[in-house]
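Open the model in your viewer and get the selection tool ready. Each stop below says what to select and what is there.

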Amino acid sequence: MLLNGRRVYRQNNHTESILLAIEDITERRRLEDDRAELETRFTSLVKNIRDHSIFTLDPIRNGLQLLKLTTATPTWQQAREMMERQLGQMIRLVDDLLDISRITRNKLELRKAPVELWAVVQSAVETARPQIEVNGHTLTVTLPPQPIHLDADLTRLAQVFWNLLNNSAKYTEPGGRITLAAELQGNEAVITVQDNGIEVPVDSLPNLFELFSQVDRSLERAQGGLGIGLALVEGLTEAHGGTVEARSGGVGKGCTFIVRLPAMKTGPAERRMQNDVAQPAPKGRVLIVDDNRDGAASLAMLLTVMGNDTRTAHDGLEGVELAEAFRPNLIVLDIGLPRLNGFDACRRIREKAWAKDALIVAATGWGQDEDRRRSKEAGFDHHLVKPVYAAEVNRLLAERKS
């Protein structure tokens, strides 16, 4: 039995006495221990799911990208696009689960930097566009003429608006309307996502952002939904010092989400639009070292189609030996390799004179600050979190050659 005691002094005209209050905290301590153990198990489960998903889904994703570069009938192209959308949804679902586990354990790390709101919105819209288009929705984005500057992790904040747009697309009848509008109110950026879909019952609004919260809406059974997205929206918004609220306009008036974020007083002087045009495929020598044979092979095929000479290896020692013989311009090196891990393989390659100018990229499932620090200490130039995209590898190679 665990006891928690306190002394209470009581004094009257003639005597002074001490009362000892004793509380049994055994049950409370047991519940706290059980919760900590469940959180640890949940995090471990999600990590295992993510590792397995990367191992099995990467070859499928790369294969679909390869087919995208080949001539196909309209029917086959439509089927491929459908598979790409579903695969992307599955990968994001696992990533969302992992992020939720980090938020609940206060382990979420943000890589903040001055960013413009338009860049965050652009990223979110591009990610949500396939789901919006497949449902035939009309999306209208309205941003103020003056730039709004934020101190934010662009990728994490884009997740907020992608989840809100995806939520609207999921619970709006085909052919519906979705709007995203932003404005500067004092020192706050106020971003509103609104749709004309199915309304949320008023009594459900207070619980809408709770993890695994489900609202009984008719579309939900068809579209699915685990109650993760909106919980992640709230967690990431609050991590940026902001707030989010939901409002429902009643039958036929859909749902409105309002995100408020602290705005920076100053920011970059020039507003630059991102260039979505792919860089010309450089011709380089690329070595891919990964024990996931299908993943390595499919990535190599994509890079070959893009004009590169590629080789693959499947353990650390083989990677070091092949690097010495092939002498690549760029090496994509997995961290969790058999026989010799990626850190040690990188160190051995860096000892060679020819490797001084080679670009070595870490490929791993983990992207926390500690993971990036270890990669840098081992001699890696870049740290990519799986899945690794061929376009990103090609871009790094083009930058090195320029």
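A polar contact here is a pair of N or O atoms within 3.5 Å; within protein, one must be able to donate a hydrogen and the other to accept it, and residues adjacent in sequence count only if both atoms are side-chain atoms. This is a predicted model: local features need pLDDT of at least 70, side-chain atom pairs count only at pLDDT 80 or more, and totals for chains, interfaces and linings use all residues. Residues are numbered from 1 along each chain as its sequence is written, and side-chain values use heavy atoms, leaving out hydrogens and water.

**Stop 1: His-314.** Select His-314, in the loop between β11 and α8. Helices (H or I, at least four residues) and strands (E, at least two) are DSSP runs, numbered from the N terminus. Is His-314 buried or exposed? Its relative accessible area is 14%, so His-314 is buried (buried means under 20%, exposed over 50%, partly exposed in between; 1.4 Å probe, protein chains only). Now show its side chain. A polar atom there lies 3.0 Å from the backbone oxygen of Asp-290. The side chain of Arg-293 makes a polar contact with it at 3.4 Å. Contacts of His-314 (heavy atoms within 4.5 Å) include Ala-296, Leu-337 and Pro-338, with residues up to four places away in sequence not counted.

**Stop 2: helix α8.** Select residues 316-326. Start at the N-terminal end, which Asp-315 caps: a side-chain oxygen sits 3.1 Å from the backbone nitrogen of Leu-317. Next, color the buried residues: Gly-316, Gly-319, Val-320, Ala-323 and Phe-326. Look down the axis: they fall within an arc of 145° (taken from the directions from the helix axis to the C-beta atoms), so they line one face of the helix. Their cover includes β10, β11, β12 and α9. On the face turned away, find the exposed Glu-321 and Ala-325. After α8 comes Arg-327, with a positive phi near 50°.

**Stop 3: strand β13.** Select residues 359-364; six of the six are buried. One side carries Leu-359, Val-361 and Ala-363, the other Ile-360, Ala-362 and Thr-364. In a regular strand, side chains alternate between the two faces of the sheet.

**Stop 4: the neighbors.** Add β12, which pairs with β13 in the parallel sense over five bridges (pairing needs at least two DSSP bridges). Leu-330 has Leu-359 as its bridge partner. Then add β14: parallel to β13 again, over four bridges. Here Thr-364 is partnered by Val-385.
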